[in-house]
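Hi everyone, thanks for making the time. I'd like to walk you through one structure this morning, so please have the viewer open and follow along.

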Amino acid sequence: MSKTDLEEQIAEHVIEFKDRYYRLAYSYVRNADDALDIIQESIYKAFSSLDSLKNPSYIKTWFYRIVVNTSLDFLRKRKKEIVVSEVFLSANDESEYDSYEDFDLKAALDDLPPNYRSIIILRYFEDLKLQEIAEILNENVNTVKTRLYAGLKKLRIKMNDENWEVSK
Amino acid sequence: MKNNSLEKLKKEYMDIPIPQELDFVVKKALKESRSNSTTMAAKGRLRKAAVVAASTAACVAVLTIGVNMSPAFAKTLSKVPIVSSIVKVLTFREYTVDDGTFNANIKVPEISGLKDGKLQSSLNEKYLKENEKLYEQFIADMEDMKQNGGGHLGVDSGYVVKTDTDRILSIGRYVVNIVGSSSTTFKYDTIDKKNEVLITLPSLFKDDSYVDIISENIKEQMKSRHEADDSMIYWVEGVEDEGLVELFEKISKEQNFYINSDGKLVICFDKYDVAPGCMGIQEFVIPTEIISDILVSNEYIK
């Protein structure tokens, strides 16, 4: 496949699933401006590292990985500011809390370390397979599975329902 | 808590509002990267090779706000640092668009007072052309967005006199693009006012060895900045190892630079060139000791 064909495929894919990638970025940074920034940067990164895409059928996991890594880079950079702003927000902003019916759960999810949260989001919200998540996060499947269980446990969610079966 | 909590959480997640700018941001980023990467394939890393320079993000913010808020301040900026010298930089032309959510503010600098009319007019022509292009692009993007249901778009362009000594004049032109997020680019021209020549990076050195010497120093600076503060991420070996991005190897022969008022060489990179966008534009002051052996003279760099 020529380079332009590959570029064309990536462009089509990104345009088609842009909402998903945006939500994922948003789930890390929780504001629209930064999420847009991350999407923009992920696209730049993707095209400057086409060589790291070994096989066009991996576009999805490959691009997810770029978005996750770009988001994490962003959080690392912003870490210090968050310490201040969370205190500030909890003291000053109550409006958002009212809209969450399951505030405790929502807060618990937000409190999970990013690598646990990523797994839950990718597995249950984005409906990805464990194998795909392992590829995205560059971990082995067992690690992903262990973290998924641990994450759910921290959220105190029990998995009984077939539809929410962990291993698929 | 039960599974329906997770379902509720998922619903909330799926309800994250998608801003109308997203489509535009994605398409623009794709367009930029794709046209870049085809040229890059042929010419190596073009974005680095372009004669583009960067300054610190803080500097841009202050100046941008200052210039916007007060015409008096803008005047101060363009005049005061150069009152004493004959060579001047003034605002030659301004483009403004203020159409609800669409805003453009473009100022074109003009140099006057150089005896070498050729150098002066070629620089001034370049500035005017660049800004005309920027304005046309903005209008095209604005029409495009209007047809697609509107949105926010802003462009702010102007200039700063970075250094103005008896000998050296460094002018930086900046462009800030705002589409939800923002990007900033800086381009510099440095002029020797006495001999009336445009100073290029290769002209400062005896041979090409400066590329490697300066690149190694920048890599060291990147690593030590990262070690001092691990939130400072650079795309350099030893800091970023994901294999996902092109790591910084060396500067281009025509890398962006200016000479600061202490006579130090400052190498500049645009946003996204050597670090994630959140790091902004990057500058590295090169210690004169490490290049003193290969400098043609100490006339400019001390």
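How many helices and how many strands are there in chain B? The answer is 8 helices and 9 strands. Before I go further, please keep in mind that this is a predicted model.

Let me start with chain A, though. Chain A has 9 helices and 0 strands, so if you read its elements from the N terminus on, you get α-α-α-α-α-α-α-α-α. Of the 168 residues in chain A, 35% are buried. Looking at contacts with a separation of 6 or more in chain A, 63% come from residues 24 or more positions apart.

Now to some individual helices. Helix α2 of chain A covers residues 18-29, which is 12 residues. From first C-alpha to last it reaches 16 Å, close to the 16 Å expected at 1.5 Å a residue. Which residues of α2(A) are buried? They are A:Y21, A:Y22, A:L24, A:A25, A:Y26, A:S27 and A:Y28. After α2(A) comes A:R30, and its phi is positive, near 55 degrees.

Moving along the chain, helix α3 of chain A takes in residues 32-48. Its 17 residues reach 24 Å from the first C-alpha to the last, again close to the expected value, here 24 Å. Why do I call α3(A) largely enclosed by the rest of the structure? Because 15 of its 17 residues are buried.

Next, a pair of helices. In general, the packing of two helices is described by the angle between their axes and the distance between the axes. Please find helix α8, residues 130-137, and helix α9, residues 141-155, both in chain A. Their axes are 9 Å apart and the packing angle is about 105 degrees, so α8(A) and α9(A) are roughly perpendicular to each other. On the α8(A) side, the contact is made by A:L130, A:Q131, A:I133, A:A134 and A:L137. On the α9(A) side you will find A:V141, A:V144 and A:K145. Sorted by character, the residues of this contact are 6 nonpolar, 1 polar and 1 charged.

Now over to chain B. Of its 302 residues, 36% count as buried. For contacts in chain B with a separation of 6 or more, residues 24 or more positions apart account for 59%.

Let's zoom in on one residue, B:V155, in strand β3 of chain B, residues 153-164. Is B:V155 buried or exposed? It counts as buried, because it has 23 C-beta neighbours inside 10 Å, and the cut-off for buried is 20 or more. If we leave aside neighbours within four places in sequence, B:V155 is in contact with B:A104, B:I106, B:L134, B:F138, B:V175, B:V176 and B:N177. Have a look at B:I178 too: B:V155 and B:I178 are 23 residues apart in sequence, with 6.0 Å from C-alpha to C-alpha.

My last stop is a sheet in chain B. In what order do its 3 strands come? The order is β7-β8-β9, in an open sheet with antiparallel pairing. The edge strands are β7, residues 257-259, and β9, residues 282-286, and each of them pairs on one side only. Direction ignored, neighbouring strands here are turned by 25 degrees against each other on average.

Let's take the two pairings in turn. β7(B) is joined by 3 bridges to strand β8 of chain B, residues 265-269. Across that pairing, B:I259 stands opposite B:L265, and B:F257 stands opposite B:I267. β7(B) and β8(B) form a hairpin with 5 residues between them, and B:G263 in the turn has a positive phi of about 80 degrees. On to the other pairing: 5 bridges join β8(B) to β9(B), running antiparallel. There B:I267 has B:F284 of β9(B) as its bridge partner.

What about burial in β8(B)? The strand is mostly covered, with 5 of its 5 residues buried. Both faces are covered: B:L265, B:I267 and B:F269 are on one side, while B:V266 and B:C268 are on the other.

That's my tour, and I'm happy to take questions.

Note on methods. Residues are numbered from 1 along each chain as its sequence is written. Chains are lettered from A and ligands numbered from 1 in the order in which they are written. This is a predicted model: local features need pLDDT of at least 70, side-chain atom pairs count only at pLDDT 80 or more; totals for chains, interfaces and linings use all residues. Helices (H or I, at least four residues) and strands (E, at least two) are DSSP runs, numbered from the N terminus. The expected span of a helix is 1.5 Å times one less than its number of residues. A residue is buried if 20 or more other C-beta atoms lie within 10 Å of its own, exposed if 12 or fewer, and partly exposed in between; C-beta atoms are placed from the backbone. Axes are lines fitted to C-alpha atoms, for helices over the stretch in contact, and angles run from 0 to 180 degrees between N-to-C directions. Angles under 35 degrees count as roughly parallel, over 145 as roughly antiparallel, 65 to 115 as roughly perpendicular and the rest as oblique. Two residues are in contact if their C-beta atoms, placed from the backbone, lie within 7 Å. Ala, Val, Leu, Ile, Met, Phe, Trp, Tyr, Cys and Pro count as nonpolar, Asp, Glu, Lys and Arg as charged, and the others, Gly among them, as polar. Two strands pair if DSSP finds at least two bridges between them.
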